[in-house]
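Let's take a walk through this one, a sheet and a helix at a time. Keep the viewer open and follow along.

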Amino acid sequence: MFSKAFRVKSNTAIKGSDRRKLRADVTAAFATLGTDQVSELIPGKEELNIVKLYTHKGDAVTAYTSAGNPILFELEKNLYPTVYTLWSYPDLLPTFTTWPLVLEKLVGGADLMLPGLVVPPAGLPRVQKGELCAIALVGNRAPVAIGVAAMSTAEMLAAGLKGRGFSVLHTYQDHLWQSGDKSSPPSIAPPLPDATDVSEEKVQGDMRGLALRGEEGNGEACRAHGESSLPEAPEDGSGSRGDPSQDLAEGKSLPEPAKRSGMELQEAARALQQGGFRSVPAEQMDGLLRQCFLHALKCRVRKADLPLLTSTLLGSHMFSCCGNFNLISSRLPVGFTKASVRETLEQRVVESWSFALTLLACSPEGQQLDIKKSSYKKLSKFLQHMQQEEIVQVKELSRGVESVVAVDWKHPSITSFVIPEPSPASQTVQEGGREQPYRAPDVKALYCVPASMTLLFRESGHRKGSALEASEVRATVIDYVKKNDLVDADNKNLVKLDPVLCDCILEKNEQHTVLKLPWDNLLSRCLEKLQPAYQVTFPGQEPLVKKGKICPIDISLAQRTYNKKVTVVRNLEAYGLDPSSVASALQQRCHASTTVTPVPGAKDGLQVQIQGNQIHHLGRLLLEEFGLPRKHIQGLEKAPRPGKK
């Protein structure tokens, strides 16, 4: 509907009565939204505009915008959310999943065909014909399109997942989205099935369920999902068989892949299962829970943090002390490595979440903390047990909200706790295909000799463009002054200026008026006349010299939809940090969605966005774990200040 530019008829501020009516309409249209959520979506006093427009097909549409972003649009008295709204409320509509290649076709105005659907392990959502649905991409639950179901779920299955599935109304990257702030979808992890439910039979069943059936040919099903990912080049070398995303959008099946077969992938999954993919016993989870608790108290929680909400203790401290899912490569079949399995996943050969979970097994040093799998079941019960041991004191400072108000840091359990070796997973960089722990580079400020100052530095053997440290510049100037006997005889703190120093240091209007300068003034003027440069030395690499001043890592706060704050980090690449790795580490540390986007207005360079004000966590990551000097980071003063105790 919005695949082409639309014409705006009017754009006016909403009236109070229309605001109340809109709020009632939203409550009636979306029953899953609570009263608080409706009030957040349709704020009472903040700016809200009504935009009346005509699409390229002549349809009259009324859009509602808040903070510059369209949040709802109305067509034929039916109310629809935009992708901006669905990113804040991803469970607002039943969500179906498709392949990333299909998105381009949906943006171009195509409807979603049933062969393009990805069937999750739990099956397709139950919807009726004409019901409004959201469409997300594999690996991210953030919706990228909304549409109306062309048939019910039962009819989809009865048709063998063939035919038109959804009439698409609005998509990410269409012209309605472009009328907002053009932000990218947040990263929202899809729900994972319980690890104990993953079995070889379930994996094979899920892969059979994900087979795409074509509308043409002899009606046979395509090969298993692992074999239906990438098109093969024709034998005559004439080129590609066609655009796979076009085939998906038109309901055609994909050709066989050029990579690994589904049988090989099943063999890898079977080997991983036999190699230690087991449900974690409650006793083991109890031990991991206690280890993370003691680790957090000994290393992360400080006296100034008290009283500390128990939810904050768990989310911001205890989870940070626990590892994450890692690929196990020790028991993979011949020909499979950790990198090849990851590459296969990234190429979307395997997208079934149960199958991916089988591949993403949990190593002993990288277990995932899950209180529900412990014998305590709830954090409150665990903290009660810790209170009985007199390690902490927990009180209900407000109704229904518990906080840790005191910690006995001299308790034997804390003092005797040995901090485990930190996992390098959150601070590794890829170098030559091998993972190595990140080490901060050594950055030195340098000064380059310009053409106007070559006479001053020539006697010391330096040429135009030579890069010197401040100490070398100082030594060169002092040596020149002493060799030419320019120290004032009456006042040793003054230096007489000869023609060379006059030409190099003085301005034109000072040539005949300034005859002497103090030592500190002479040296400071000399440094100002030199061209700034810097040298970066990464561990194990040759030093790199670049002109100009190195840009510090810039941390800032920005406002997004519904006046929500996001933390933006830039210039990570200058210090050898991979923005994607930093985003992943922050997502695990802050438990907030992160995105990596190009820096606006820059030809190259990426920035990391984290939901909320996460400068405190970001500062600890950069300063303590990555070991970067504070002078190379700007914006740390914007961290939220703790409230008065």
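**A guided tour, from sheet to sheet**

In S14, Leu 309 finds its bridge partner in Ser 403. That's a handy place to start, bearing in mind that everything here comes from a predicted model. The Leu 309 pairing belongs to a link between S12 and S14, which run antiparallel and are joined by two bridges. Zoom out a little and you see an open sheet of three strands, ordered S12-S14-S13, with antiparallel pairing. Strand S12 (308-309) and S13 sit at the edges with a single partner strand each, so one side of each is left without a neighbour in the sheet.

Now look across to the other side of S14. Strand S13 (residues 392-398) pairs with S14 in the antiparallel sense, this time over six bridges. If you want a residue pair to click on, Val 394 has Val 404 as its bridge partner in S14. The two strands make a hairpin with two residues between them, and Gly 400 in the turn has a positive phi of about 80°.

What lies across S13 and S14? That's H14, running at about 130° to S13. Helix H14 (residues 379-388) also has a helical neighbour: its axis and that of helix H10 (residues 282-299) come within 12 Å and cross at roughly 65°. That makes H10 roughly perpendicular to H14, and H10 passes H14 in a right-handed crossing. On the H10 side, the contact is made by Leu 289, Arg 290 and Phe 293, while H14 brings Phe 382, Leu 383 and Met 386. Sorted by class, this contact of H10 with H14 has five nonpolar, no polar and one charged residues.

Before leaving this region, follow the chain on from S14. His 411 is in the loop between strand S14 (401-407) and helix H15 (412-415). Is His 411 buried or exposed? With a relative accessible area of 13%, His 411 is buried, because the cut-off for that label is under 20%. Leaving aside neighbours within four places in sequence, His 411 is in contact with Glu 389, Glu 390 and Ile 391.

On to the next sheet. This one is open too, with five strands in the order S25-S26-S24-S23-S27 and mixed pairing. Its edges are strand S25 (594-598) and strand S27 (633-634), each with a single partner strand, so one side of each is left without a neighbour in the sheet. Further in, strand S23 (residues 553-559) and strand S24 (residues 565-570) run antiparallel, joined by six bridges. Among the pairs to look for, Ile 555 has Val 569 as its bridge partner in S24. Helix H21 (residues 615-625) packs on this sheet, touching S23, S24 and S27, and its direction makes about 165° with that of S23. Helix H20 (residues 579-590) lies across S25 and strand S26 (606-611), running at about 160° to S25.

H21 deserves a closer look. Its buried residues are Ile 615, His 617, Leu 618, Gly 619, Arg 620, Leu 621 and Leu 622. Just after H21, Gly 627 takes a positive phi of about 70°.

Next, a second helix pair. Helix H17 (residues 470-483) and helix H19 (residues 519-529) pack at an angle of about 125°, with their axes 10 Å apart. They are therefore oblique to each other, and H17 passes H19 in a right-handed crossing. H17 makes the contact through Val 473, Arg 474, Val 477, Ile 478 and Val 481, and H19 through Trp 519, Leu 522, Leu 523, Cys 526 and Leu 527. The class tally for H17 with H19 is nine nonpolar, no polar and one charged residues.

Finally, swing back to helix H2 (residues 35-41), where you'll find Ser 39. Val 38 is in helix H2 as well. At 2% relative accessibility, Val 38 counts as buried, whereas Ser 39 is partly exposed, with a relative accessible area of 34%. Leaving aside neighbours within four places in sequence, Val 38 is in contact with Arg 23, Val 26, Thr 27 and Leu 33. The C-alpha atoms of Val 38 and Val 26, 12 residues apart along the chain, are separated by 7.2 Å. For Ser 39 and Thr 27, also 12 residues apart along the chain, the C-alpha separation is 9.9 Å.

Key
Residues are numbered from 1 along each chain as its sequence is written. This is a predicted model: local features need pLDDT of at least 70, side-chain atom pairs count only at pLDDT 80 or more; totals for chains, interfaces and linings use all residues. Side-chain values use heavy atoms; hydrogens and water are left out. Axes are lines fitted to C-alpha atoms, for helices over the stretch in contact, and angles run from 0 to 180 degrees between N-to-C directions. Helices (H or I, at least four residues) and strands (E, at least two) are DSSP runs, numbered from the N terminus. Angles under 35 degrees count as roughly parallel, over 145 as roughly antiparallel, 65 to 115 as roughly perpendicular and the rest as oblique. A crossing is left-handed if the near helix is turned anticlockwise from the far one by less than a right angle, and right-handed if clockwise. Contact means heavy atoms within 4.5 Å. Ala, Val, Leu, Ile, Met, Phe, Trp, Tyr, Cys and Pro count as nonpolar, Asp, Glu, Lys and Arg as charged, and the others, Gly among them, as polar. Buried means under 20% relative accessible area, exposed over 50%, partly exposed in between (1.4 Å probe, protein chains only). Two strands pair if DSSP finds at least two bridges between them.
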